[in-house]
Amino acid sequence: YYITNNLSQLATMTTVGFIGSGKVTQALMKGLLSSGAVTPSRIFASDRTEVALQKLKVFGVNTSSDNLFTVKNSNITVLAVKPLAFPGVLHEIAPAVGPNNILISVAAGITIDSIQQRLPHHAKVVRAMLNTAVQIKDGAICYATGRNVADADQELVHRFFSSVGLTLEGEEKHLDAVVGLSGSAPAYFYLILEALSDAGVRHGLSRDVSTRHASQAMLGAARMVLESGRHPGEDAEQIPEYSKRLHELKDEVCSPGGVTIDAIYSMEKAGVRAAMMDAVDACIRRNYELARLNE
């Protein structure tokens, strides 16, 4: 669910740091800035090379090659480096981590416990999984908190992420599933959209028309699921039962003896459902492998 607390308060009271300049950092930074949740002057970012920092300077944020600089100037610090680089980065920033710093890891396979073991005992650690749609404020974010994260800290983290997408707090044991489900899902959907676009071209439509229509159809279907799962007047913080409506929505499109049910039969015969489940399994399996490499 979304929390729509005062974003202006977040923008004026919070400083945000990013260690690492990769795609996740750029996507999250873009979303935060476009939402107004944080201003460029209140964002601090660091990476090892000037070439990497050039990617972030276009946002008008404060940059440095010194990770300590980022932690010292930030209330919230997002750790967005490769899993194999994590131990070295944690060793480097540990002296600067104070009791008021909130560290958010977005790395796959790195547990909260493994992070806290390398930091001072008072360290506040959050582990989050998100996807690249945060850059257009339509991300899917799930996070879990460590032992030192107080209620006020959790609320701040929730408001922080809610500014860029659907945000849920969960148990850490479920985050690996989230990686395979929503974290990597944009790539799955791009593949499906590309296939649908190819089908349109095969039948005489232009590439542009095919891609736009397929994309709008997917967007509309997702909105139908999310909006039909909640009833008017329902508590905004209550999580609706979306899943019970999926088959009903599908049946609304599939007329008896019609063209769509034939298409669904063809997809089922080709194993599309199983292929999607296998894709999520493969992603989660690789996530576990990365976790073992960092134990």
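**Strand E4, its neighbours and the second largest pocket**

In this predicted model, strands E4 and E5 together with helix H5 form a right-handed β-α-β unit. Strand E4, which spans residues 76-79, runs parallel to strand E5 (residues 102-105), and four bridges join the two; within this pairing, Ile102 of E5 is the bridge partner of Ile76. Four bridges likewise join E4 to strand E1 (residues 16-19), again in a parallel arrangement, with Ile76 serving as the partner of Val16. The side chains of a regular strand alternate between the two faces of the sheet. In E4, Ile76 and Val78 point one way whereas Thr77 and Leu79 point the other way, and all are buried.

The second largest pocket has a volume of about 1,100 Å³ and a lining of 35 residues, among which Lys23, Val24, Ala80, Val81 and Lys82 lie nearest its centre. Helix H5 (86-93) is one of the elements that each supply at least two residues of this lining, the others being helices H2 (23-35), H3 (50-57), H8 (175-183) and H9 (185-202) and strand E6 (124-129). By class, the lining residues comprise 18 nonpolar, 11 polar and six charged.

Two positions with positive phi may be noted. Lys137, in the loop between E6 and strand E7 (139-145), has a phi near 65°, a positive value in a residue other than glycine, although most such residues have a negative phi. Lys137 is partly exposed, its relative accessible area being 36%. Gly271, whose phi is positive and near 80°, follows helix H12; this helix (residues 259-270) contains 12 residues and reaches 17 Å from its first C-alpha to its last, close to the 16 Å expected at 1.5 Å a residue.

Conventions. Residues are numbered from 1 along each chain as its sequence is written. This is a predicted model: local features need pLDDT of at least 70, side-chain atom pairs count only at pLDDT 80 or more; totals for chains, interfaces and linings use all residues. Side-chain values use heavy atoms; hydrogens and water are left out. On a 1 Å grid over the protein atoms alone, a cavity is a set of points where a 1.4 Å probe fits but cannot get out, and a pocket is an open set with protein on both sides within 12 Å along at least five of seven lines; lining residues have an atom within 4 Å of a point. Grid points are joined across faces, edges and corners, and a volume is the space filled by probe spheres set on the points. Ala, Val, Leu, Ile, Met, Phe, Trp, Tyr, Cys and Pro count as nonpolar, Asp, Glu, Lys and Arg as charged, and the others, Gly among them, as polar. The expected span of a helix is 1.5 Å times one less than its number of residues. Buried means under 20% relative accessible area, exposed over 50%, partly exposed in between (1.4 Å probe, protein chains only). Two strands pair if DSSP finds at least two bridges between them. A crossover is right-handed if, with the strands pointing away from the viewer, the path from the first strand over the helix to the second runs clockwise.
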